[in-house]
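Work through the exercises below with the model open in a viewer. Each task is followed by a solution in steps.

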Amino acid sequence: MSSPQLPEGTPPPPPPQLGSSGGTPTDFLKAVVGKRVVVRLVSGVDYSGVLSCLDGYMNIALEQTEEHVQGKITNRYGEAFIRGNNVLYISAAEPL
């Protein structure tokens with residue numbers, strides 16, 4: 001199945017918002033506590049795991065954590081703490 005061609009210079013449409021409820025970022029963060037998430041750092045490294053808690057500075061505690069560099073698992077940690085100023089984004093790894 002091929003995608004329709006866009007006119008030259010037209011940016012691609014944004015990806016679909018799967019499971020989006022139209023809530024606020026705070027609502028999203030409350031909804032993903034205790035669920036699997038992917039945390040992308042500004043360095044490009046991804047961490048996936050169960051979000052155990054976070055604070056107002058976006059400091060994040062993950063359980064059952066896997067470190068992914070260029071799509072490959074490079075390390076596994078029981079628990080990991082990520083300082084908030086390194087976080088680019090958090091996304092849900094499973095439907096909400």
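The exercises go from the whole chain to the sheet, its hairpins and single residues.

This is a predicted model, in which local features need pLDDT of at least 70 and side-chain atom pairs count only at pLDDT 80 or more, while totals for chains, interfaces and linings use all residues. Residues are numbered from 1 along each chain as its sequence is written, and side-chain values use heavy atoms, with hydrogens and water left out.

**Exercise 1. The chain**

State how many helices and strands the chain has, and give their order.

Solution.
- Step 1: There are one helix and five strands, where helices (H or I, at least four residues) and strands (E, at least two) are DSSP runs numbered from the N terminus.
- Step 2: Read from the N terminus, the order is α-β-β-β-β-β.
- Step 3: Of the 96 residues, 26% are buried; buried means under 20% relative accessible area, exposed over 50%, and partly exposed in between (1.4 Å probe, protein chains only).
- Step 4: Among contacts (heavy atoms within 4.5 Å) with a separation of 6 or more, 38% join residues 24 or more positions apart.

**Exercise 2. The sheet**

Find the strand order of the sheet and its edge strands.

Solution.
- Step 1: The five strands form an open sheet in the order β4-β3-β2-β1-β5, and the pairing is antiparallel. Two strands pair if DSSP finds at least two bridges between them.
- Step 2: β4 (72-82) and β5 (87-92) are the edge strands, since each pairs on one side only.
- Step 3: On average, neighbouring strands are turned by 25° against each other, direction ignored. Axes are lines fitted to C-alpha atoms, for helices over the stretch in contact, and angles run from 0 to 180 degrees between N-to-C directions.
- Step 4: Helix α1 (residues 25-32) packs on this sheet and touches β1, β2 and β5; the helix direction makes about 65° with that of β5.

**Exercise 3. Two hairpins**

Describe how β2 is joined to β1 and to β3.

Solution.
- Step 1: β1 and β2 run antiparallel and are joined by five bridges. Val37 has Gly49 in β2 as its bridge partner, and Val38 stands opposite Ser48 in β2.
- Step 2: Four residues lie between the strands of this hairpin, in which Gly44 takes a positive phi near 95°.
- Step 3: β2 and β3 also run antiparallel, with seven bridges; Leu51 has Leu62 in β3 as its bridge partner.
- Step 4: The hairpin of β2 and β3 has five residues between the strands, and Met58 in the turn has a positive phi of about 65°.

**Exercise 4. Positive phi and exposure**

Which class of exposure applies to Met58, Gln64 and Gly56?

Solution.
- Step 1: Met58 is not a glycine, yet its phi is positive. Met58 counts as partly exposed because its relative accessibility is 26%.
- Step 2: Gln64, in strand β3, also is not a glycine and has a positive phi of about 50°. Its relative accessible area is 54%, so Gln64 is exposed.
- Step 3: Gly56 lies in the loop between β2 (46-54) and β3 (60-69), and counts as exposed because its relative accessibility is 80%.
- Step 4: Gly56 and Thr26 are 30 residues apart in sequence, with 9.9 Å from C-alpha to C-alpha.
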